[in-house]
Amino acid sequence: QSVKIDTIDSSIGYIRLTSFNENSGKQIKKKINQLENEKKVKAYILDLRNNPGGLLSQAITISDFFLDHGEIVSTKGRNTSENRKWFAKKGDLTNGKPIILLINYGSASAAEIVAGALKDHKRAILIGENSFGKGSVQSIIPLKNKGAIRLTVAKYYLPSGKSISEVGVSPDIEISEQDEEFKIKTETDNQLNYAIKLLNG
């Protein structure tokens, strides 16, 4: 289980994704469909804070849930065989409802791909802190001594053409964690509280 879901103020769907594993997409799709069927939800908060990433395929699938068209991510390497682009297919599971996406320094890799794609397509407002900046594609090359070497073969690029590597994704609204007592999704979570206020207008 990498997905935690909740309803805040009975009208905001809160989705927290802790990593991108092979079931993440299925879990999110099921939960969004449930919330959409209940018809009470007017907006979504997607929480990718402290999400270290995981499978690229899941990052693409999950970005696609919120987009109708356009590029999600591309890879560029020294060899042209490493160059690829992925695009969104029609069908936004949330039917265009407002989305706020929460990120922080612990959001890396696949989490940055989702955040960057939704930001570049102006599909979500990003709140929080700059993300980690891990935008490299790695290959594992086995060695004769039963060891292996991990080699960076390409970099990820956002739809805007920016690389995530070493710079990360910057939020639209920068809100730092307030104090020592800060815990995600508790009363001390000032980033989430700001997002809720914004959606409640």
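User: How many of the seven residues in strand β4 are buried?
Analyst: This is a predicted model: local features need pLDDT of at least 70, side-chain atom pairs count only at pLDDT 80 or more, and totals for chains, interfaces and linings use all residues. Numbering starts from 1 along each chain as its sequence is written, and side-chain values use heavy atoms, without hydrogens and water. Strand β4 (a DSSP run of E, at least two residues, numbered from the N terminus) spans residues 71–77 and is mostly covered. Its count of buried residues (under 20% relative accessible area with a 1.4 Å probe, protein chains only) is five.

User: Which residue in β9 is the bridge partner of Ser 74?
Analyst: β4 runs antiparallel to β5 (residues 84–87), with four bridges joining them, and in β5 Ser 74 partners Lys 85. Four bridges also join β4 to β9, again antiparallel. In β9, the partner of Ser 74 is Tyr 157.

User: Which strands stand at the edges of the sheet?
Analyst: The open sheet has four strands in the order β5-β4-β9-β8, with antiparallel pairing (at least two DSSP bridges between strands). Each edge strand has a single partner, so one side of it is left without a neighbour in the sheet. Those strands are β5 and β8.

User: What angle does the direction of helix α2 make with that of β4?
Analyst: Helix α2 (a DSSP run of H or I, at least four residues) covers residues 56–65 and packs on the sheet. α2 touches β4, β5 and β9 (heavy atoms within 4.5 Å). Between N-to-C directions of lines fitted to C-alpha atoms, for helices over the stretch in contact, on a scale from 0 to 180 degrees, the angle is about 150°.

Notes:
Buried < 20%, exposed > 50% of the residue type's maximum accessible area, 1.4 Å probe, protein only.
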